[in-house]
Amino acid sequence: MQKITIKKILNKKNKTPIICLAAYSKAIAQIADKYCDIILVGDSLGMVLYGMKTTREVKIETMILHGKTVKNSTKRSLVVFDMPYRTYTNKFTAFKNARKVIKLTKCDAVKVEGGKEITSIIKYLTMKGIPVMGHVGLLPQTTSNFKVKGKNFIQKRKILEDAIAISNSGAFAIIIECVVEDLAKEITQNVSVPTIGIGASRYCDGQILVSDDMLGLSDLFPKFVKQYANLKKVIEKSTRNYARDVKMRRFPSLKNVYK
Ligand code: KIV
């Protein structure tokens, strides 16, 4: 089993689709590791696991716990740590926090959201030896609405320029979230690093989904999510059966007791 490196990810541009999932727990990370090039420990865990209203409430300590869990549960995939809101307000804060994160979790890279305004941060982190993944389009940490981006010319041009700027600053890949298809295509054709789409079309170099969304564990299902299972239904049925068995004294049975 060969470890996925940044170089291997870069080499996939325009060749092989890059497979990514956001995952936060041991069980899912272990499975994702068999199939994914990149596993993102996303700050979406604030909303998905902890029921927060936005990712802005996520603390770095919480992310570090999940980062350690995911990294310790994987051998092959590149594990990317999502830097939470306000942990990279300038290049020095960004470096202090990213260095701590990498030291404690041993994750392979960090992800930051934003465009031209964070290029000095991306340059500084990469110069200091910390690989950085960018994120443009819908930016959950700062957006005022969760609507598709790039519908008008001005927004489209800004997102394209942001993507080019962060690619030129040293990011090794760029997440493009929730933008119109032709913008994702234009970005992918105009940056030298791989683009990873979430709600951004097949024209990206790779795709990412939040594992809980694609497994049917979340409450929200935006159009861009393809649901591959309905685990909520499976858990509901299993819990109902367990409750019934306890009530009727069918559990524990002889098989479940020590003699
Ligand atoms: O936090 C996250 O899971 C993400 C993905 C949606 C790309 O940033």
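In this predicted model, a polar side-chain atom of Asp43 comes to 3.1 Å from an oxygen atom of the ligand. The exercises below start from that contact.

**Exercise 1.** Work out how far the side chains of Ser44 and Asp82 are from oxygen atoms of the ligand, and find what share of the ligand's accessible area the protein covers.

*Solution.* Begin with Ser44, where a polar side-chain atom is found 2.5 Å from an oxygen atom of the ligand. Then turn to Asp82, whose side chain has an N or O atom at 3.1 Å from an oxygen atom of the ligand. Taken on its own, the ligand has 260 Å² of accessible area, and 95% of this is covered by the protein.

**Exercise 2.** Describe the place that the ligand takes up and the make-up of the shell of residues around the ligand.

*Solution.* The ligand's space is the largest pocket. Next, list the residues around the ligand, which include Ala22, Leu40, Gly42, Lys111, His135, Glu177 and Val210. Finally, sort the shell by residue class, which gives 5 nonpolar, 3 polar and 4 charged residues.

**Exercise 3.** Explain why Cys20 and Cys36 are not joined by a bond, and state how many disulfides are counted.

*Solution.* A disulfide is a covalent bond between the sulfur atoms of two cysteines, and the cut-off used here is a sulfur pair within 2.5 Å. For Cys20, the closest cysteine sulfur belongs to Cys36 and is 7.1 Å away, so the distance is too far for a bond. The count therefore comes to 0 disulfides. As a last step, look at exposure: Cys20 is buried, with a relative accessible area of 5%, and Cys36 is buried as well, at 2%.

Notes: Residues numbered from 1 in each chain as written. Predicted model: local features only at pLDDT ≥ 70, side-chain atom pairs only at ≥ 80, totals over all residues. Heavy atoms only, no water. Buried < 20%, exposed > 50% of the residue type's maximum accessible area, 1.4 Å probe, protein only. Near = heavy atom within 4 Å. Polar contact = N/O pair within 3.5 Å; in protein donor to acceptor, adjacent residues only side chain to side chain. Areas by Shrake-Rupley, 256 points an atom, 1.4 Å probe, with all protein chains shown as cover. 1 Å grid on protein atoms, 1.4 Å probe; cavity = no way out; pocket = protein on both sides within 12 Å on 5 of 7 lines; lining within 4 Å. Sits in = over half its atoms within 2 Å of the grid points. Nonpolar A, V, L, I, M, F, W, Y, C, P; charged D, E, K, R; others polar.
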